[in-house]
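Reader: Could you take me on a close look at the salt bridges in this protein? I would love one connected account of where the partners sit and how covered they are.

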Amino acid sequence: MDAVARLVAVEEIREVVLRYCRGLDRLDADLLRSAYLPGALDDHGVFVGDAAAFCDRVLESHRRYDASMHCVLNHLVELDGPDDARGEAYVLAHVLRRDDQGAPVHDAWWGRYADRYERRDGRWGIAHRVTVHEWTRREPLGRPMRADTDLFRQGTEDRGTGAVLGPAAFPARSAAERGDPGAPATAS
């Protein structure tokens, strides 16, 4: 395999893992499923079995959260051939949820995805995944930072919508919604 073909394969594999993360965080079933190949296996601790069934289960479980953010850190890919590869990606998953009393809580999960990838019909995907736990942390959410975060687009706006990438995922906002100082005030 020449150097350019190797780089293309590694980037395509890395995009598979990014599609998985975005699909889960945006509750986009099609995007999440596109990370796996037909017949793939997933060992996710609480679930071991067919990846398609895992996708259904994990999407349903993540609907109870206010938000989630899966961050892929170090991602090493070893090509075993033109259509076979192995990889390990560090993952830090953040989940915002409510505790039993309704108070906001931040759960953080550190671990790794140990993957085997295959290219079938010109498309790379996960053939087998083992999710490895390193450690977790739970803490109540403190006061928000000083920036007026309500002026930013909120993650809930495109969660579960199957939205496209980029700005087209969000409708245009009025000047008042953008926080323009000269915008007329609206009654609430």
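Author: Happily! D115 and R129 are both buried, and in this predicted model the two form a salt bridge whose closest N and O atoms are 2.7 Å apart. D115 belongs to strand β5 and R129 to strand β6 (residues 123–140), so the pair ties together parts that lie 14 residues apart in sequence.

Strand β5 also has a partner in strand β4. The side chains of R97 and D107 meet in a salt bridge, at 2.7 Å from N to O. Here R97 sits in strand β4 and D107 in strand β5, 10 residues apart. With buried meaning under 20% relative accessible area, R97 counts as buried because its relative accessibility is 15%, and D107 counts as buried too, at 13%.

Now for R112 and E88, which form a salt bridge with their closest N and O atoms 2.7 Å apart. This pair links distant parts of the chain: R112 is in strand β5 (residues 104–120) and E88 in strand β4 (residues 84–98), 24 residues apart. R112 is partly exposed, with 23% relative accessibility, and E88 is likewise partly exposed, with a relative accessible area of 28%. Shared partners join E88, R112 and E134 into one network of salt bridges.

To set these pairs in context, the whole structure holds 14 salt bridges. The protein carries 26 positive and 32 negative side chains, and the centres of the two sets are 3 Å apart. Of its 188 residues, 34% count as buried.

Note on methods
Residues are numbered from 1 along each chain as its sequence is written. This is a predicted model: local features need pLDDT of at least 70, side-chain atom pairs count only at pLDDT 80 or more; totals for chains, interfaces and linings use all residues. Side-chain values use heavy atoms; hydrogens and water are left out. Buried means under 20% relative accessible area, exposed over 50%, partly exposed in between (1.4 Å probe, protein chains only). Lys and Arg count as positive and Asp and Glu as negative; His and the chain ends are not counted. The place of a charge is taken as NZ of Lys, CZ of Arg, CG of Asp or CD of Glu. A salt bridge is a side-chain nitrogen of Lys or Arg within 4 Å of a carboxyl oxygen of Asp or Glu. Helices (H or I, at least four residues) and strands (E, at least two) are DSSP runs, numbered from the N terminus.
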